[in-house]
Amino acid sequence: MTTQMRASDEDRARVVERLNEAVGKGLLTLPEAEERIAAAYAARFLDDLPPLTADLPDPTPPPRPEPAPGRRRGPGLDPRVLVVVAALTGIVVLSHGFAFPLIVLAVVALKFGARRGGWGGRDWGHSARM
């Protein structure tokens, strides 16, 4: 009676996937891979699987992108929402003869949209400040 753990289909499939990736990267030739894949599918115990990939480099996860330097921003509002609010406010304000709040809202909307990279990716001259 052995104390070894039996290999599952999932364990074998992981090893075969790694071997196929090694062929794709040029680390193994097709005959080498075929031989190792056959051995992986024939493996009865978990101890039989590691030697099949022992000479391959460890699989590395894809690199995570570094966060951009500067202050962290939340999701914020869509600049188009600010434009609509500014337009509606402008209609109300202009009907009463006050233009200053409309100008302030328009400037805020333009700056906010430019800083978020909104409106088709145009930076409006503010791409350096984030």
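# Close-up views

**View 1. Arg12 is a buried residue of helix H1.** Arg12 has a relative accessible area of 12% and is therefore buried (buried is under 20% relative accessible area, exposed over 50%, partly exposed in between, with a 1.4 Å probe and protein chains only). The model is predicted, so local features need pLDDT of at least 70 and side-chain atom pairs count only at pLDDT 80 or more, while totals for chains, interfaces and linings use all residues. Residues are numbered from 1 along each chain as its sequence is written, and side-chain values use heavy atoms, with hydrogens and water left out. Helix H1 spans residues 9-24 and holds Arg12 (helices are DSSP runs of H or I with at least four residues, strands are runs of E with at least two, and numbering starts at the N terminus). What does Arg12 touch, leaving aside residues up to four places away in sequence? The partners are Ala7, Ala40, Tyr41, Ala43, Arg44 and Leu49 (contact means heavy atoms within 4.5 Å).

**View 2. Asp9 and Arg12 form a salt bridge.** Their side chains meet at 2.9 Å, N to O (a salt bridge is a side-chain nitrogen of Lys or Arg within 4 Å of a carboxyl oxygen of Asp or Glu). Side chains of opposite charge can pair when their charged atoms come close. Why are Asp9 and Arg12 separated by about one helical turn? Because they are 3 residues apart in helix H1. The two ends differ in cover: Asp9 counts as exposed at 63% relative accessibility, whereas Arg12 counts as buried at 12%.

**View 3. Glu10, Asp11 and Arg14 are linked in a network of salt bridges.** Arg14 pairs with Asp11, and the closest N and O atoms are 2.5 Å apart. Arg14 also meets the side chain of Glu10 in a salt bridge, at 3.4 Å, N to O. Both pairs lie in helix H1. Asp11 and Arg14 are 3 residues apart, so about one helical turn separates them. Glu10 and Arg14 are 4 residues apart, and about one helical turn separates these two as well. Is Asp11 buried or exposed? Asp11 counts as buried, at 16% relative accessibility. Glu10 is exposed, with a relative accessible area of 56%. Arg14 counts as partly exposed, at 46%.

**View 4. Val84, Leu88 and Ile91 make a nonpolar surface patch.** The patch covers about 300 Å² (patch residues have over 30% relative accessible area and no salt bridge; like charges are joined within 9 Å, and nonpolar side chains, namely Val, Leu, Ile, Met, Phe, Trp and Tyr, within 5 Å). Val84 belongs to helix H4, residues 79-96. Val84 has a relative accessible area of 47%, so this residue is partly exposed.

**View 5. The whole protein, for context, has 5 helices and 0 strands.** From the N terminus on, the elements run α-α-α-α-α. The protein has 130 residues, and 21% of them count as buried. Among contacts with a separation of 6 or more, 62% come from residues 24 or more positions apart. The protein exposes about 10,100 Å² (accessible areas come from the Shrake-Rupley method with a 1.4 Å probe; for residues, only the protein chains shown count as cover). Carbon and sulfur atoms supply 63% of that exposed area. How many salt bridges does a search of the whole structure find? The search finds 4, among them the Asp9–Arg12 pair of View 2.
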